[in-house]
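Student: I would like a close look at a single part of this model. Please take me through it step by step.

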Amino acid sequence: MDLQTIQSFNHDLLDWFHQEGRKLPWRETSNPYYIWISEVMLQQTQVNTVIPYYERFIKQFPTPSALASASEQEVLKCWEGLGYYSRARHLQEGVREVVEKYDSTLPERKKDLLSITGIGPYTAAALLSIAFNEPEPAIDGNLMRVLSRVFLIDDDISKQKTRKKFEALASNLIIETVPSAFNQALMDLGAMICRPKTTECTECPIQNYCLAYKEGVQLEYPVKTGKAKLRTLNYAVLLITDEHGRYLIEQRPEQGLLAGMWQFPMVALDEYAEQSQREQFIQSRVGKIDFRQQSFTYTHRFSHLIWQLSLFKGQIQEDRRLKEREKWMSLNDMQHYPFPVSHQKVIEWVKKNRQEHT
DNA sequence: AAGACGGGGCA
DNA sequence: TGCCCAGTCTT
């Protein structure tokens, strides 16, 4: 595009954005801390999912120091159900760095932003453009989808090198416009018009510039390879009660999947094909219980794996001691601890099942 | 350069 | 069901 085309492209894009752009809670504020929170929540997560979490989060942690001084469990509880929980842990860690190193004020230099835990190239650019109105293009899925169509770019967007290419391209476009509006306009366009599977090209403000539309090949872009093969993991979920009707629960390790969250004890079953071996292994984990009664099975789907959960009820032997990271807990108290959605379903099932039998 | 990391929405 | 979503960190 020549300079004049770039300017009219931006004019048409921003004109549409000001007419049709979405009104969103984090667009009502100029507080960089709030914008930061929104950007982290929006990673790999759709707008409508984020809105209630955002409102609750800034209410509970209205300032960087409030978040910095909270416990990790409080933060996880507020994030419960949103997924990618390392985002919450990294956000709190990053906020603590800002409180200590930058006097609770988000720095405005790109290099400083990138040094903060949880802030990568996208979030740094989003903050620079939206909060500080610096001409930094925020390279995300929306931008790459829209621009791959406009310019017929067939590089694989799952490759790291491709991000650089879009960055160079968008850097030229954003110089001739209002940085904060440019990035947000492309996000709205990607969400409302230039969607992955279905497009609304007849309503698109930049249709005239779009080479893919001109050739009728919108849906062939962007090019993206690489598919993860879903593994299925089988687990026994143990519903073990004590004499007070409380359940045995355990806290997951501090690293890895669902780190630091709580669950009913889970025992991996895949290594044990034989029922008798399974029983023996479960006993080695929690002690001697009567678990002949299988009550319920449930399949939980993550993006990269599948959990096949089978519930077992049992009474535990009286003299068994609690192990590290284990706790007895009533169903009501569970609402104060962060549980992954898979185990929230288990809690719901247990409550429902209990009511039917009393 | 890949893989890990959640959960919900949608055709 | 499979793919996508305002990505980042780890290996």
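Which side chain has an N or O atom 2.8 Å from a sugar or linking oxygen of DNA strand C?

Tutor: That side chain belongs to D140. The model is predicted: local features need pLDDT of at least 70, side-chain atom pairs count only at pLDDT 80 or more, and totals for chains, interfaces and linings use all residues. Residues are numbered from 1 along each chain as its sequence is written, chains are lettered from A in the order in which they are written, and side-chain values use heavy atoms, without hydrogens and water.

The D140 pair is a polar contact (a pair of N or O atoms within 3.5 Å). Two elements, α8 and α9 (141-150), give two or more residues to the surface near DNA strand C. Here, helices are DSSP runs of H or I, at least four residues, numbered from the N terminus. Near means that a heavy atom of the residue lies within 4 Å.

Bases are reached too. A polar side-chain atom of W26 lies 3.0 Å from a base nitrogen of the strand. For E39, a side-chain N or O atom is 3.1 Å from a base nitrogen. Still, 70% of the strand's atoms within 4 Å of the protein belong to sugar or phosphate. There are 25 residues around DNA strand C, and E39, G118, T123, N142 and R145 come nearest.

Now follow E39 inward. E39 is one of the buried residues of α2; buried means under 20% relative accessible area, with a 1.4 Å probe and protein chains only. In α2 (residues 32-41), 9 of the 10 residues are buried, so the helix is largely enclosed by the rest of the structure.

Methods: Buried means under 20% relative accessible area, exposed over 50%, partly exposed in between (1.4 Å probe, protein chains only). A polar contact is a pair of N or O atoms within 3.5 Å; within protein, one must be able to donate a hydrogen and the other to accept it, and residues adjacent in sequence count only if both atoms are side-chain atoms.
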